Amino acid sequence: MKRYQEIKSEALKRLEQERADNAPIIRITMSTCARAAGAEETRKAIEEVLEERGLTAKIVNVGCLGHCYAEPLLIIDNPAVGFPPICYYEVTPNKAKLICRSYFEDGDPSFEYVLGAMEENDLIPPVTTFPRFSMEQRIVMEHCGLIDPWNIDHYLEKDGYASLASILEMQPDEVVEIIDRSGLRGRGGAGFPTGKKWRFARLQENTKRVVICNADEGDPGAYMDRTIIESNPHQLLEGLAICAYAVGADEAIIYVRAEYPLAVQTIRHAIKQAEEYGILGENILGSDFSLHVTVFQGSGAFVCGEETALIQSVEGKRGMPQHRPPYPVEKGLWGRPTVVNNVKTLASVPPIIRKGADWFRSIGTEGSPGTAIFSIVGNVKHAGLVEIAMGTTLRTLIFDICGGIPNKKKFKAVQIGGPSGGCLPEDFLDTPIDFDSLTKAGAMMGSGGMVVMDEDSCMVDVARYFLEFTQKESCGKCTFCRIGTKHLLNILDRITKGEGKEEDLEILQQLAEDIKKGSLCGLGKTAPNPVLTSLKYFMDEYIAHVKEKRCPALKCRALIAYYIDLEKCARGCEVCVGSCPVEAIFTAKGRKKAIDQELCVKCGECMAVCPPEYDAVFKVSPPELAPIVERPPDQQPKKASGEK
Amino acid sequence: MKITVDGKVLEVEEGISVLEACLQNGIFIPNLCFLKERERPHASCRLCFVQVEGMPTPTTSCTLPVKDGMVIHTNTPEVRRLQKTAFKLIMSGHPCHAKTCPVGKNCTLMKIAKFLGVGLGPKPYERLDREMPDLIDFGFMYYSPYRCVLCAKCIHVCKTQNGKPLLTFARRGFETIVAFFQDPLENTEEKCINCRACTNICPTGALVLKDTENVEREDEAQTA
Ligand SMILES: Cc1cc2nc3c(=O)[nH]c(=O)nc-3n(C[C@H](O)[C@H](O)[C@H](O)COP(=O)(O)O)c2cc1C
Ligand code: SF4
Ligand code: SF4
Ligand code: FES
């Protein structure tokens, strides 16, 4: 503890010196999501304007705040002028220049670009007036987007590594006991009790134990783990070190996918800094405990997130799951007892140690204490990363916190748990989000991917999309998953093309059940979930596709047609004609337009460009509903007639 | 130790799997990927299901160590349903050309079909085609993807013989195949011709040596 206090006070001293000049601080989000939204250009623009105008301000890169719908975000903190720290949203390079000039030169905080103040004050409404801020509860992401992930001092300032320092004075069993009592369950998908896993590892005779942090994160659309590493890597490292101490490991590996270059760099840098400070490496904080942490870059296969496949991959073999038992805690990497934990699981550990198991239990539900982190994407207003107490209902999360469905559309379904999860309809919106309730509903907590879908989504097509993913990502080892999911995919493909047979529905159901029971690993065991839940909750859509050759959501191309309503079409308007890539639109009677159904490829371009005052293009299913308009001989497409 | 299988009490040695115990005692359980010598069962064919009393669902018997007092049923409706589905799935990617097949009468798949009381076709599933040639040239032998059931026996014996496997899995999903890697610094061909562990163990005739007889057969298969 003494060594820790020294390190911390040195860090505080350094920060104090840095801030002695009282210069304003501009924090800009610089995680992968913000960079994709143009944060690098915004930063350059700020540098330029500061330089041009001779302004002094420090620019600090921070990680992701979770508000990905509003990236890039900027927080200007200038206590000298009496403003609270102010957060700006969607800051393009031009906006950044405007904001900086008016803030620093005119003392005007540009209210029109303000998202909110980061503190309570009398001047500017704080961000906490938005449910997206106030209804979240942050344990793992508490400091994300607020501290500099590349500077360990920032983490130390927030009492970082104090938990590690304190457990070094405990017996490892006491640490396991705290985690056990906290009721923490693995955030990697299955929700296995973490304390139980650690205790199991301690019981192994072999004392050459290893800890692996699973940051493979292969679910399409999920990026929580990446964000946590990019935004606050030290909280993960602290949790990792506590875990290693508790289970008696002196080696730890962080398995990150190679497609996450920024996360890899950030974590490598963090490890190096922690080692320089004596917080990792030999004799941590002056104790007998040593830990070597390395980063392993996985090749990005989804199945490598499965723990036994992950271990095979670290051993240099093809990432193929193995039968369990033996579990990795018994016989894992190189035959040694191996604890595999998810990023969010490990990052939950330092706050639990600091505030106690009872505090953690007071958040969330009896069976699933703590918080859940989701990356919410799809048809939802405020997409991004959200951390909420377990037990929050889907309705609260989607409608109150994330602002509901945009464009006045109706909610249709929410897909939780990525390719292994299920699609839940409106009736399930009051389901509390926790491991057991979601599993009961047929979905899964998974690792936290959530896709919200509006009325325009076809559930058969959604199931087909996920099956295509699992079939492609199946490791190919076992019969049910390798061949069974191929059949599921083929059948779904047929149905979306209008070639489905009535008996297909029964085959889908039976085969999906068998794949679930018969597969070797979690991938195959959960792959049928999108099919089973959509069959259960959206059977009418399947029947419409199969029996009526109709796609109720007007999504499946083979089952729809576009036509132009001659009543509504404006005489002489030509907008749609040029938009059609295949010259399917021709002039019919009265200089109105019509679509040649033979040529139409159903891209929907004409519908998109038809001026709103006419709104003459319609989409129907089944395609026979579209009125046929004869194409006059003098109106034949040029291309087709010219070429042949 | 004693276990009970389908009402019969068996005296079995410790440390073996339920599958092995049953096979030793003349109780057949369908299996394709089980190899006694393997340290960890491959457990990929998913045919060897049994129901253990006290367990919620059927389990693969090749991965199940015997335990004293265990009560096992090899033929519950649930077990049979999984076995039949697994078998049909395998057959949906393995069209049977009995006349030209190098395995001939001694075919494990036929034996399993007979045992389960099903045909060799995939009904109600459709036949699946691979976007792959029927035969892939491995130098001194041929590999035929549509015959292979990916039991990995060849990979295991190859590794045991050579220290490192020359055979390995490649690709993913339904397109998964066995691939062959020749070390350019070694005269693998000579070594392999003398070894032949893989062609000897392959249960489906997916790996065959290129002697003239086989080549002719394969040509027939191609034109047939
Ligand atoms: C197909 C498949 C993919 C998985 N992918 C991940 C992943 O990306 N990240 C992860 O932490 N766990 C993943 N898991 C779960 C792991 O196998 C393992 O349960 C988890 O890492 C344990 O950590 P936890 O106890 O902290 O949840 C996956 C499991 C399966 C079956
Ligand atoms: S269930 Fe799929 S991913 Fe898992 S072992 Fe079987 S084939 Fe591989
Ligand atoms: S080639 Fe034969 S032995 Fe090898 S995996 Fe295929 S079926 Fe099994
Ligand atoms: S013999 Fe058990 S799964 Fe193949």
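In this predicted model, the C-alpha centres of domain 1 and domain 2 of chain A are separated by 35 Å. These two belong to a set of five in the domain assignment of chain A: domain 1 (18–130), domain 2 (160–361), domain 3 (371–457), domain 4 (460–547) and domain 5 (560–635). Where domain 1 of chain A meets domain 2 of chain A, eight residues of the former are in contact with six residues of the latter. The pair buries about 500 Å², with 58% of that area on carbon and sulfur atoms. No charge pairing ties this interface together by the rule used, as the count of salt bridges between domain 1 and domain 2 of chain A is zero. Polar contacts are present, however, in two residue pairs, both partners being at pLDDT 80 or more. On the domain 1 side of this chain A interface, the touching residues divide into four nonpolar, three polar and one charged.

Chain B offers a second pair of domains to look at. Its domain assignment gives domain 1 (2–88) and domain 2 (130–223), and their C-alpha centres lie 29 Å apart. Each domain of chain B gives eight residues to the contact. About 640 Å² is buried between domain 1 and domain 2 of chain B, and carbon and sulfur atoms account for 65% of it. Three residues stand out here: Leu32(B), Leu35(B) and Arg38(B) supply 66% of the area that domain 1 of chain B buries against domain 2 of chain B, more than any other three residues. The rule finds zero salt bridges across this interface of chain B, but four residue pairs in polar contact, both at pLDDT 80 or more. Sorted by class, the side of domain 1 of chain B that touches domain 2 of chain B has four nonpolar, two polar and two charged residues.

Attention now turns to the meeting of the two chains. The size of an interface is often given as the accessible area lost when the parts come together. For chain A and chain B, that buried area is about 3000 Å², of which 55% is given by carbon and sulfur atoms. The contact involves 34 residues of chain A and 32 residues of chain B. Five salt bridges are counted between the chains; one of the salt bridges in the model joins the side chains of Lys331(A) and Glu39(B), at 3.1 Å from N to O. The rule also finds 18 residue pairs in polar contact across the interface of chain A and chain B, with both residues at pLDDT 80 or more. Helices H18 (459–473), H19 (479–496) and H20 (502–518) of chain A each supply at least two residues of the side that touches chain B. Of these, H19(A) gives the largest share, nine residues. The chain A side of this interface comprises eleven nonpolar, twelve polar and eleven charged residues.

The ligands come next. Around ligand 1 there are 18 residues, and those that come nearest are Gly188(A), Glu217(A), Asn341(A), Asn342(A) and Thr345(A). Oxygen atoms of ligand 1 are approached by side chain and backbone alike: a polar side-chain atom of Asn342(A) lies 2.6 Å from one, a polar side-chain atom of Lys197(A) lies 2.9 Å from one, and a backbone N or O atom of Glu217(A) lies 2.9 Å from one.

Ligand 2 is surrounded by 13 residues, the closest being Cys475(A), Lys477(A), Cys478(A), Cys481(A) and Cys521(A). The shell around ligand 2 divides into eight nonpolar, four polar and one charged. Ligand 3 also has 13 residues around it, with Cys148(B), Cys151(B), Ala152(B), Cys154(B) and Cys202(B) the closest. Its shell, by class, has twelve nonpolar residues, one polar and no charged residues.

A few backbone details in chain A complete the picture. Most residues other than glycine have a negative phi, and most peptide bonds are trans. A cis peptide bond nevertheless joins Arg324(A) and Pro325(A), with omega about -5 degrees. Pro325(A) sits in the loop between helix H13 (307–314) and strand E9 (338–342) of chain A. Another cis peptide bond, with omega about -5 degrees, joins Ser621(A) and Pro622(A); Pro622(A) is in the loop between strand E18 (617–620) and helix H26 (638–643) of chain A. Leu285(A), a residue other than glycine, has a positive phi near 50 degrees, and its place is in the loop between helix H12 (261–276) and strand E8 (292–298) of chain A.

Key:
Residues are numbered from 1 along each chain as its sequence is written. Chains are lettered from A and ligands numbered from 1 in the order in which they are written. This is a predicted model: local features need pLDDT of at least 70, side-chain atom pairs count only at pLDDT 80 or more; totals for chains, interfaces and linings use all residues. Side-chain values use heavy atoms; hydrogens and water are left out. Contact means heavy atoms within 4.5 Å. Buried area is the accessible area (1.4 Å probe) that two parts lose on being put together, summed over both. A salt bridge is a side-chain nitrogen of Lys or Arg within 4 Å of a carboxyl oxygen of Asp or Glu. A polar contact is a pair of N or O atoms within 3.5 Å; within protein, one must be able to donate a hydrogen and the other to accept it, and residues adjacent in sequence count only if both atoms are side-chain atoms. Helices (H or I, at least four residues) and strands (E, at least two) are DSSP runs, numbered from the N terminus. Ala, Val, Leu, Ile, Met, Phe, Trp, Tyr, Cys and Pro count as nonpolar, Asp, Glu, Lys and Arg as charged, and the others, Gly among them, as polar. Domain bounds come from an automatic or database domain assignment. A residue is near a molecule or strand if one of its heavy atoms lies within 4 Å of it.
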